[in-house]
Each structure stands twice: as structure tokens, then as C-alpha cells.
Amino acid sequence: MKTPLYVICCGLIVAMAYWAYKENYRTQASLRRVAALQADIAAERVAISVLRAEWAYLNRPERLRELVALTFPDLGLMPLMPEHFADAELVAYPAPPAPEAEIKDPVSTAAPLNGPAPDKEFP
């Protein structure tokens, strides 16, 4: 009677060891994937900071003034002045949609239930 119980217990121990072994390697693979993703995120953050620095460098006012001065004869651009802008009240916005026709409630317009309508007679 004890032998089958020992065999079942040994089988369960082997099965649990196999399961723990698989879970260990699956967890290690997940940790490697997380580390790779975090490295990718860090690289993208560095790239974003470099792009922001380049954008700030390229949009310096003195550089833009020089570019405007160099290209003004070719492009004929006009410098922006405050007088070129208008008030928001002058913008023509589209009219709001017209409300739909009111639907009369059939219950409120129906004749009373205690007799015929006063303007109609029934035979």
C-alpha cells in the first residue's frame, strides 16, 4: 500500500521540479526582455533630448534673423508686425445648426378618455 503512495509522491516531486525549472527560465527570459526594453527606452530618451537640443539650436532668434536677411531678396517675405493680426471678433464662424422642429407629444394632444372630443360627435 505504501509503494504506490511513494511512487505518486515521487512523480509529483518530479513534476513540480520540472514546472519550477520551466518557470525559472521563463522568468529569466522575461527579465532579459524587460532589461532590453528599458535600454531601448533610455536610448529613445537620449535621442529625444538630442533632438530637442538641436531644435533649440536651430530656432535661435539671431540665426533666424540671419536666414531671413539672406533669403529676403529671393523670397520677398514681409516681416510680421502686430498690425497684421486681427481681432477674434472679426472671424466669421459658421452658424450653429438650426434646431429640429418640435415633435408634439401624442399623449398630451390626445382627447380625454372620459368622453368624445368637444368638437367631434360620434354616432
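How does tyrosine 25 count at 45% relative accessibility: buried, exposed or partly exposed? I would like to start from that residue, and I should say at once that we are looking at a predicted model. At 45%, tyrosine 25 counts as partly exposed, because that category lies between the buried limit of under 20% and the exposed limit of over 50%.

Let me step back to the whole chain for a moment. The protein has 2 helices and 0 strands, and of its 123 residues, 1% count as buried. The area that the protein exposes is about 12,400 Å², and 68% of that area is supplied by carbon and sulfur atoms.

Now back to tyrosine 25, and to its partner. A pair of aromatic rings is described by two things, namely the distance of the centres and the angle of the planes. The count of aromatic pairs here comes to 1. In that pair, the ring centres of tyrosine 21 and tyrosine 25 are 4.8 Å apart and the planes stand at 65 degrees, so the arrangement is edge-to-face, for which the angle has to be over 60. Both tyrosines belong to helix 1, which covers residues 2-58, and they lie 4 residues apart, which is about one turn of the helix.

The next contact is one between charges. Side chains of opposite charge can pair when their charged atoms come close. The structure holds 1 salt bridge, in which the side chains of glutamate 23 and arginine 26 meet at 3.0 Å, taken from N to O. Because these two residues are 3 residues apart in helix 1, about one helical turn separates them. Glutamate 23 is partly exposed at 25% relative accessibility, and arginine 26 is also partly exposed, with a relative accessible area of 47%.

There is another charged group to point out, and this one involves a ring: the charged end of arginine 60 sits over the ring of tyrosine 57, at 4.1 Å from the ring centre.

What about the cysteines, and how many disulfides does the count come to? The count comes to 0. Cysteine 9 is in no disulfide, and the nearest cysteine sulfur to it, that of cysteine 10, is 7.1 Å away. That distance is too far for a bond, because the two sulfur atoms of a disulfide have to be within 2.5 Å. Cysteine 9 is partly exposed, with a relative accessible area of 36%, and cysteine 10 is partly exposed as well, at 47%.

Finally, please look at the surface around helix 2. Val68, Phe72, Leu75 and Leu77 make a nonpolar surface patch of about 380 Å². Leucine 77 has its place in the segment after helix 2, the helix that runs over 61-75, and this leucine is partly exposed, with a relative accessible area of 46%. Such a value fits its place in the patch, because patch residues need over 30% relative accessible area.

How values were computed: Residues numbered from 1 in each chain as written. Predicted model: local features only at pLDDT ≥ 70, side-chain atom pairs only at ≥ 80, totals over all residues. Heavy atoms only, no water. Patch = residues over 30% accessible without salt bridge, like charges linked within 9 Å, V, L, I, M, F, W, Y side chains within 5 Å. Areas by Shrake-Rupley, 256 points an atom, 1.4 Å probe, with all protein chains shown as cover. Salt bridge = Lys/Arg side-chain N within 4 Å of Asp/Glu carboxyl O. Buried < 20%, exposed > 50% of the residue type's maximum accessible area, 1.4 Å probe, protein only. Phe/Tyr/Trp six-rings, centres within 6.5 Å; stacked < 30°, edge-to-face > 60°. Lys NZ or Arg CZ within 6 Å of the ring centre and 35° of its normal.
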